[in-house]
Each structure stands twice: as C-alpha cells, then as structure tokens.
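User: I'd like a close look at one part of this structure, the annotated binding site, and then the surroundings it sits in. Could you walk me through it?

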Amino acid sequence: MKLIILENYSQASEWAAKYIRNRIVQFGPGPGRFFTLGLPTGLPRDHPESYHSFMWNNFFKHIDIAPENVHILDGNAPDLQAECDAFEEKIKAAGGIELFVGGIGPDGHIAFNEPGSSLVSRTRVKTLAMDTILANARFFDGDLSKVPTMALTVGVGTVMDAREVMILITGAHKAFALYKAIEDGVNHMWTVSAFQQHPNTVFVCDEDATLELKVKTVKYFKGLMLVHNKLVEPLYSMKEMGAERSQSKKPYSD
Amino acid sequence: MPSNKSVSDAPIVQFTNCRILRDHQLQREDLWVREGKILNPEKLFFDEKGSSDVQLDCKDSIITPGFIDVQINGGFGVDFSLATDDFKSGIDLVSQKILSHGVTSFCPTLVTSPPSVYHQVLPQISVRNGGAHGAGILGAHLEGPFISKEKKGAHPEHCLRTFETGAFQDLLATYGSLDCVRIVTLAPEMRRSSEVIQELTKRGICVSLGHSVANLSQAEEAVQHGATFITHLFNAMLPFHHRDPGIVGLLTSDKIPAGRRVFYGMISDGIHTNPAALRIAHRAHPKGLVLVTDAIAGMGLAPGRHTLGQQVVEIDGLNTYIAGTKTLSGSVATMDTCVRHFQEATGCSVETALEAASLHPAQLLGIEHKKGTLNYDSDADFLMLNDSLYVQATYIAGEEVWQQDASGM
C-alpha cells in the first residue's frame with residue numbers, strides 16, 4: 001500500500017483530488033472507454049439530505065458527467081436483491097471499477113460493510129450497526145427513530161475487484177480504525193483490513209488519523225513523501241495529454 | 001452530449017458563471033431554465049437523465065428575480081390617468097421601456113380621476129404576461145378617489161369622493177369594473193370603509209391605506225378587515241407621533257392578525273423620504289418594505305412640464321412638483337435607481353435591497369409561488385446586474401427581452 005500522510009483535512013483532500021485527477025487524465029477516457037469511479041453508498045433517496053442531493057451538490061453539478069453514466073443504488077427499488085445484482089452487472093458492463101474511493105468508519109468499515117461482514121461479500125442489503133446509525137443521526141435532526149436501519153452497499157469483495165482502491169481517513173476519531181486496518185491482521189471485524197490483500201491501495205490521511213500508529217510506520221511513510229508527491233506533481237490536464245501520450249509515461253507503482 | 005429528457009423536449013438553457021439570489025442569499029450556482037420556468041437541475045439529472053442544451057457564461061453577473069413595481073403612474077410621456085385615444089399603445093410603450101429599469105411586472109396606477117376616466121381606461125387594461133413586447137401587467141392600482149381631502153397631495157380635490165351612501169356599490173359605480181384591478185388605495189377613516197375593505201379583499205383585491213389622516217386604531221381596524229399595504233409610507237399621512245403613531249405605527253403594531261404581514265411602499269428616490277426616515281422604517285419592519293417608483297409621465301423625459309391625471313406637474317432634476325407649488329407629485333426615479341439608493345441609504349445587503357423590489361411585492365400580491373424568486377418552477381423573469389446593481393440584461397420567461405448595449409445606452 002501507499003500511505004500518504006498530510007498535515008490536515010484540507011491538504012489531505014487536495015492531495016487526494018489531485019491524485020484522482022491525474023489518474024483520470026492518464027487513463028485517457030473517451031467514448032466507449034469509461035473511467036469507472038466507485039464510491040460508497042449513502043442515505044435513502046427521498047430524504048432532503050439524500051445521497052442523490054449530496055452527490056449532486058458536491059460532485060455532479062460541478063463536472064460535465066453525462067447523467068446516463070451515473071449509477072446509484074436505489075434504496076426504494078421494489079426488489080432490493082435484484083437491484084444489487086443488477087448493480088454488479090452494471091459494474092462488469094462498464095469494464096470493472098478503475099478506482100474506488102472510500103472512507104473508513106470509526107469501526108473500521110468500508111462502505112456499509114459493518115464489522116462481521118464477509119470479506120468476499122458482494123453488493124447487498126445490510127443492516128446498519130448502532131455506531132453507524134448514531135453517526136447518521138445528524139442528518140435526521142438527531143432523531144434516532146428517523147435514521148434508516150438498512151442500506152444497500154457494495155460488498156468488500158466488490159471493492160477488492162477494483163483495479164485500485166483509495167481510502168481517505170481524517171480525524172483523531174478514525175485513528176484506531178486506521179491502526180487496525182494497516183498494522184493489525186486481516187480481520188472481518190475491521191473490514192478495511194481486507195485491502196492489505198489488494199495489489200494497489202492508497203491510504204490518504206491527516207496527522208490526527210495517525211495517532212494510533214507506530215512512530216516507525218509514520219516515519220517510514222513520511223520519508224516516502226518525496227516519491228509519492230510525484231503522483232500529484234506535475235498535475236496533468238486532458239488537453240496536454242494528447243501531446244504527452246506519444247512520450248508514453250509509465251504509471252508509477254510501488 | 002445526448003439529452004434524452006423524458007418530461008419535455010424543449011431546450012434547456014444553463015446560465016453559468018453567475019451569482020443567483022436564492023434563499024435570501026447570493027449563491028454561486030447555475031440557473032437552469034426550460035419552457036419559461038426555472039428548472040431543478042438535480043431532478044433533471046437523476047429523474048430525466050437530462051442535461052442542458054445551451055450554456056451561457058454570465059461573466060460573474062448577479063442574477064436576481066425581475067423587479068415588480070406596484071405603483072407607477074406612467075412614464076415616457078404616457079399618463080395612465082389620461083383617457084386618450086391611444087391609451088393602449090401608451091401602456092405598451094411604458095411596459096416596453098421599463099424593461100431597461102429591470103421591471104418585469106407592474107401595476108399601472110391611476111390617480112384620483114373622475115368616473116368617466118375609470119370607465120374609459122380600465123377596460124383597456126388587461127392582465128397579461130410579459131415578454132419581448134414589455135413587462136407583464138399584474139392589474140391596475142387605483143389610488144383614489146376615496147381618500148382624505150387633508151392628505152390629497154397631488155390629487156385633484158374636485159374628484160375626491162366618499163362611499164358613505166352606498167359603500168361598496170358607490171365604489172363599483174365610480175370605477176365601473178374591478179375585473180383587472182389588483183390594488184385599491186383608500187383612506188380607512190372614511191365612513192363605511194370596513195365594509196368596502198372586506199368586499200374588496202373578498203374579491204382578491206389588495207387594499208392599501210394611504211392619503212389618509214387615520215390614527216393607529218383606525219388603521220389597525222382596517223388591517224383587521226383585510227388591508228395589507230400602505231401606500232408610500234410617510235407621504236400623505238399623519239406624521240409619526242409618539243402617542244399616536246398613525247398609519248406609520250402599523251409597522252410595529254401588535255394588533256396585526258396572526259399569520260398576516262403588513263407591507264408598505266417606499267419611494268426611495270432620495271426626495272420623498274429622508275434617508276434617516278427610510279432607515280427607521282426599514283429597521284422597524286424590514287420584511288414589509290416594498291420599493292415602488294410612483295413614477296409619473298415625465299419619468300424618462302427631459303425636465304419641464306408634464307401631466308399627472310388632471311394636474312400639471314413640473315420636473316426639475318429628480319424633483320417633481322405640482323406646477324407652481326412645492327407639493328410633491330410622484331417621482332421620475334426608475335426602479336433600479338430606487339434599489340441602488342435604498343441599498344446605499346440603509347447600508348443593507350445587496351440581497352435585502354433586491355428582495356425589496358422583487359420578493360416583497362410578490363408576497364404582497366400573493367404571487368410568490370411564481371414571481372419574485374428564482375425558486376424551481378417559478379416564472380423565469382430575471383435580471384443580470386453588475387456589482388453596482390446596474391441592469392445589464394432583462395429576461396422574461398427565460399427569453400432575453402432587453403440588453404445593455406456596449407455604448408451604455
């Protein structure tokens with residue numbers, strides 16, 4: 001894995017954004033050649049804080065993505081399992097996920113794969129853990145009874161199939177989960193740990209998230225920052241890439 | 001990008017690189033328009049899987065809902081209180097010219113006139129949508145003749161009337177028809193005004209208090225019977241007195257029925273109201289302030305003599321007086337000038353100043369679900385302003401109907 005440690009939330013966000021941008025540009029997407037970006041699922045559709053509103057306001061309205069290229073799991077579908085199976089098919093049809101970007105819960109979960117989720121699970125209906133319900137209560141005026149108790153989620157196995165995985169972890173409350181994810185063993189109680197067995201993972205975090213890690217681990221990866229920063233500098237643009245492609249840059253790997 | 005919209009095939013225009021007035025704030029958001037209405041881009045994206053057909057770069061303009069002028073007596077040589085043969089073309093001219101002031105909807109106003117004028121003029125006014133031909137007409141504002149002699153201002157005394165004999169029937173006989181009437185200004189201290197106010201309110205006509213010597217309790221009673229507006233606050237009414245605030249006291253009265261709001265018109269041309277008085281009113285009741293021009297025929301013309309109904313008025317700069325007197329009679333300020341002056345005099349936010357000319361008049365007339373805001377599904381009547389609040393372009397139903405040309409004309 002690559003562990004990228006930045007000073008704070010803003011810097012971590014910026015590094016991650018630049019990395020994703022470079023990955024998309026270097027992939028060279030075009031008609032019929034999709035850069036499939038995977039993201040974890042969220043709240044049900046008809047809530048004002050719904051995932052659709054969140055994604056629209058924070059992502060889609062700022063870019064020129066065609067609406068037919070957006071696939072969001074529909075929590076209101078009549079047959080939820082069929083919805084999940086269809087989602088897996090859509091991923092295959094798009095050529096598989098090129099890059100999956102996700103966060104980590106305080107209980108170490110990736111997407112809604114709560115502790116105890118199978119590490120080879122696929123997209124399915126999940127009952128949410130109390131921790132997750134409590135964390136989501138802020139979207140429902142703090143009223144626990146209004147928080148949905150089930151969600152559709154991509155599975156750990158689904159994410160493992162992605163060609164690359166990027167996990168964003170910021171804040172001291174995530175520090176223990178990060179420790180469990182990268183310094184302890186692979187364990188279904190901390191589902192993010194599954195990515196120790198993925199060939200291409202990037203963890204981007206801030207200083208606070210490293211609070212439970214060994215000093216040795218932190219120093220080691222901070223020492224690699226000179227090399228890791230080559231992934232975000234220079235920042236490529238789609239226009240330039242036309243000319244650069246002839247120089248065939250090999251993508252950096254560890 | 002293919003647009004396979006499922007609801008409608010009409011072209012969708014996306015106005016980008018702008019700041020729009022929404023939820024009482026200027027936000028950096030794009031404005032989406034389809035079929036003359038503001039479109040919700042999120043629903044378009046997820047439900048219809050659609051996208052815009054045309055993107056227009058607004059060069060960082062401010063986009064605000066179009067201004068609504070609920071008191072305008074004429075302009076550009078046209079006087080709405082004069083029953084001329086070419087009245088219709090007169091109203092068309094004014095509605096077209098005020099587009100450059102940012103007005104997208106208005107209420108042509110008639111001052112106190114003899115019944116013959118009302119009978120001839122009112123049938124020629126029709127409620128109609130705006131467009132390239134001009135601003136939309138929301139209905140007439142009849143200011144008088146049921147007003148107080150002591151506060152007639154520029155209104156001709158010989159045309160003043162009362163309705164103490166037949167109440168509402170007297171009013172109907174005077175006006176002839178109320179079909180296209182939207183607002184009536186009257187003096188509530190007149191006998192039987194309560195009945196009249198109730199009848200008018202029942203018919204959806206907004207009753208405004210003005211040109212009156214009513215005290216606060218008379219004004220409050222009028223509000224309880226349905227009055228919701230005050231015509232040009234401070235002008236043509238008793239001055240504020242600390243033991244009887246008169247009509248001005250409605251701004252902070254505790255006798256307003258629950259759920260109702262009293263609105264008040266302000267002519268913020270710098271002449272009708274001292275800026276300090278403007279600030280007092282604004283601070284006392286900011287949500288009720290409605291900017292009006294009270295513009296007269298001379299607005300847009302060179303200084304000199306013009307008519308205002310049965311009277312002759314003289315224009316000198318921004319001042320307009322009854323010829324030979326110091327009695328103010330309407331104004332020649334344009335709506336956008338009033339907005340700018342209001343913002344400067346009160347130091348309020350740009351959003352507040354813009355809402356006083358758009359949202360508040362729409363709320364007064366109960367049409368804020370389709371006018372006065374940039375909310376989804378509202379009519380796409382809006383303006384592009386520069387940072388100094390000068391109108392750069394006017395749009396009605398999503399179509400550009402006026403544009404500031406390069407020479408600044």
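Analyst: Here is the binding site first, then the chain around it. Bear in mind that this is a predicted model.

For "binding site", the UniProt record, an unreviewed entry, lists B:Ala154, B:Asn235, B:Ala236, B:Arg243, B:His272, B:Leu328, B:Ser329 and B:Gly330. These positions are spread over 177 residues of sequence, and in space they are up to 29.7 Å apart between C-alpha atoms.

Take B:Ala154 to begin with. You'll find B:Ala154 in the loop that runs between β11 (140-143) and α4 (168-175) of chain B. Because its relative accessible area is 8%, under the 20% cut-off, B:Ala154 counts as buried. Ignoring neighbours within four places in sequence, B:Ala154 is in contact with B:Leu308, B:Gln311, B:Ile322, B:Thr327, B:Leu328 and B:Ser329. Two of these partners, B:Leu328 and B:Ser329, are themselves on the UniProt list. The loop between β11 and α4 also holds B:Pro145, and the peptide bond leading from B:Gly144 into B:Pro145 is cis, with omega near 5 degrees.

Next, B:Asn235. B:Asn235 sits in the loop between β14 (229-230) and β15 (263-266) of chain B. B:Asn235 is buried too, with a relative accessible area of 16%. Again leaving out neighbours within four places in sequence, B:Asn235 is in contact with B:His272 and B:Thr273. Of those partners, B:His272 is another listed position. The loop between β14 and β15 is also home to B:His232. B:His232 has a positive phi of about 25 degrees although it isn't a glycine, and with a relative accessible area of 5% B:His232 is buried.

There's another residue worth a look here: B:Asp79, in strand β8 (residues 78-79) of chain B. B:Asp79 touches B:Leu308, which is also one of the contacts of B:Ala154. Others touching B:Asp79, beyond four places in sequence, include B:Asn73, B:Phe87, B:Ala297, B:Thr307 and B:Gly309. B:Asp79 is buried but has no salt bridge, and B:Arg305, the nearest side chain of opposite charge, is 14 Å away. A salt bridge needs the nitrogen and the carboxyl oxygen within 4 Å, so that pair doesn't qualify. What the side chain of B:Asp79 does reach is the backbone nitrogen of B:Ser81, at 2.8 Å.

Now zoom out to chain B. Chain B is divided into domain 1 (13-64 + 373-403) and domain 2 (66-365). The centres of the two domains, taken over C-alpha atoms, are separated by 30 Å. Where they meet, 20 residues of domain 1 are in contact with 22 residues of domain 2. From the UniProt record, again an unreviewed entry, comes the annotation "domain: Amidohydrolase-related", covering residues 62-401 of chain B. Over residues 62-401 the chain is 24% helix and 22% strand, and the end C-alpha atoms are 17 Å apart.

Elsewhere in chain B there are charge pairs that do close up. B:Asp379 and B:Lys37 meet in a salt bridge, at 2.9 Å from N to O. B:Asp379 lies in the loop between α10 (359-364) and β20 (382-385), and B:Lys37 in strand β4 (residues 37-38), so this pair ties together parts that are 342 residues apart in sequence. B:Asp379 counts as buried at 12% relative accessibility, while B:Lys37 is partly exposed with a relative accessible area of 36%. B:Arg203 and B:Glu199 also form a salt bridge, at 3.4 Å. Here B:Arg203 is partly exposed, at 47%, and B:Glu199 is partly exposed as well, at 22%.

Chain A also comes into the picture. In helix α2 (residues 51-58) of chain A, the buried residues are A:Tyr51, A:His52, A:Ser53, A:Met55 and A:Trp56. They pack against β3 (31-34) and α1 (41-46) of chain B. Chain A has salt bridges of its own, one of them between A:Glu164 and A:Arg23, with the closest N and O atoms 2.5 Å apart. That pair is part of a network of salt bridges linking A:Arg23, A:Glu98, A:Arg163 and A:Glu164.

Conventions: Residues are numbered from 1 along each chain as its sequence is written. Chains are lettered from A and ligands numbered from 1 in the order in which they are written. This is a predicted model: local features need pLDDT of at least 70, side-chain atom pairs count only at pLDDT 80 or more; totals for chains, interfaces and linings use all residues. Side-chain values use heavy atoms; hydrogens and water are left out. UniProt positions are given in the numbering used here, feature names are shortened, and annotations may be inferred rather than shown by experiment. Helices (H or I, at least four residues) and strands (E, at least two) are DSSP runs, numbered from the N terminus. Buried means under 20% relative accessible area, exposed over 50%, partly exposed in between (1.4 Å probe, protein chains only). Contact means heavy atoms within 4.5 Å. Lys and Arg count as positive and Asp and Glu as negative; His and the chain ends are not counted. A polar contact is a pair of N or O atoms within 3.5 Å; within protein, one must be able to donate a hydrogen and the other to accept it, and residues adjacent in sequence count only if both atoms are side-chain atoms. Domain bounds come from an automatic or database domain assignment.
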